[in-house]
Amino acid sequence: MKRILVALALCAAATVPAGQPAHAAAASLSMLGADVSSLQRALDLGAKYYDAGGVQRDPLDILKEVGVNYARLRIWNNPISGYNNKAKVLQQARAVKAKGLKLMVDFHYSDTWADPGKQYKPAAWAGHGISQLQTDVYNYTYDVCTSLKAQGTVPDSVQIGNEINTGMLWNDGRVTNNDFTNLSLLLKAGYNATKACNPDTRVIIHTALAESLSSARRFYDGIQAKGVSWDITALSYYCMWHGTTSNLSTVIADMRARYGKDVVIAETAYPFTADNADSTRNVVTSGCSGYRMTWQGQGAQFAAVQSTARNAGAIGVFYWEPTWYAVPGNGWDPANIASSGNEWDNMAVFNWSGHLNPHVRWTP
């Protein structure tokens, strides 16, 4: 998954909201997560998964056994692939909840990938201005949430946007010249829709700003100054893009203290090999200091991220796409899923024959 880290030049001030215990650090990680958004397609193609003992099993059971208690599913409005849309998310949510896992729904508000370098409107909203987009976000979020609720799979948390460093639903919802006005309107629409569906569902605002305390402050200060409400502050952290775990610790602790809200690492991952399983170039081709690109290195780096998050007061860590191993036909491009190849095949925690890395565990 491509990341383009965009530096923000924003400024504002923030204080801890009254009555919120920002000083009390989390004693353990309660959200032990795995983003399994590509899993449904893999299983439909006949992919098999094996536990550390070599026994073929349901991959969700395997993940549960090594500590996962929370699944994250992305949702695209109308992807050409036919996967990660509302119908497929409803289907996969049933599988997730049947295993006793909690559910996070990651709204991209796009027909394809949304990240710091691209936040494309879904085609159905292409000509809509900011007023209509507020209605779009509200109605779409409410519809998905209530549909999940109706089938007994109410989401435990939702992300209003994915890695929205410089806004979402560009260009109307893009943050330019320090102006968070339009983005704040969209975030409020998503928050209100979620709470109207289910008041106990926790709303997450997710950025990929773990490398820069000043940038993270500027973003969250900016939306707070516009009156945006949220329950959990979420960051992506990949050591090859976002720096040291020491710096990560500083950012997590500051986010928690500054806003008085829980913090999670919504995405992290590390390569188990420098090799590539197919003809599509991998996104990550080098590792980080102190961690080899091996099964042992992958396990050690993930353990370090969890330890850092825990000690800094975060409540959760999610591994991004641990089940997305090299299955032909399960490509990265929703417009060409059958032929595009897998850019993440060296980052999954299952190897290219579907066997689990025995060194990877999610720990409270």
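**Exercise 1. Determine how strand S1 is joined to strand S8, and place this pairing in the barrel.**

*Solution.* Strand S1 (residues 31–35) and strand S8 (residues 316–320) run parallel and are joined by 5 bridges. Two strands pair if DSSP finds at least two bridges between them. Strands (E, at least two residues) and helices (H or I, at least four) are DSSP runs, numbered from the N terminus. The model is predicted: local features need pLDDT of at least 70, side-chain atom pairs count only at pLDDT 80 or more, and totals for chains, interfaces and linings use all residues. Residues are numbered from 1 along each chain as its sequence is written, and side-chain values use heavy atoms, with hydrogens and water left out.

Next, Gly33 stands opposite Phe318 in S8. Finally, 8 strands close into a barrel with parallel pairing, in the order S1-S2-S3-S4-S5-S6-S7-S8. From one strand to the next, the twist averages 25 degrees.

**Exercise 2. Describe how helices H4 and H5 cross, and state which residues make the contact.**

*Solution.* The axes of H4 (residues 130–150) and H5 (residues 181–197) come within 8 Å and cross at roughly 25 degrees. Axes are lines fitted to C-alpha atoms, for helices over the stretch in contact, and angles run from 0 to 180 degrees between N-to-C directions. H4 is therefore roughly parallel to H5, a term for angles under 35 degrees. The crossing is right-handed, that is, the near helix is turned clockwise from the far one by less than a right angle.

Contact means heavy atoms within 4.5 Å. Among the contact residues are Ile130, Leu133 and Val137 of H4 and Leu185, Leu186 and Ala189 of H5.

**Exercise 3. Identify the disulfide that links H4 to H5, and give its handedness.**

*Solution.* A disulfide is a pair of cysteine sulfur atoms within 2.5 Å; by this rule the count comes to 2 disulfides. One is formed by Cys145 and Cys197, whose sulfur atoms are 2.1 Å apart. The torsion about their S-S bond is about -80 degrees, so the disulfide is left-handed. Cys145 lies in H4 and Cys197 in H5, 52 residues apart, and the pair links distant parts of the chain.

**Exercise 4. State where helices H6 and H8 lie, and how their axes cross.**

*Solution.* Helix H6 (residues 213–225) packs on the sheet, touching S5 (202–207) and S6 (232–236), and its direction makes about 135 degrees with that of S5. Helix H8 (residues 245–259) lies across S6 and S7 (262–268), running at about 140 degrees to S7. The axes of H6 and H8 come within 10 Å and cross at roughly 25 degrees. H6 is therefore roughly parallel to H8.

Conventions: Parallel < 35°, antiparallel > 145°, perpendicular 65-115°, else oblique.
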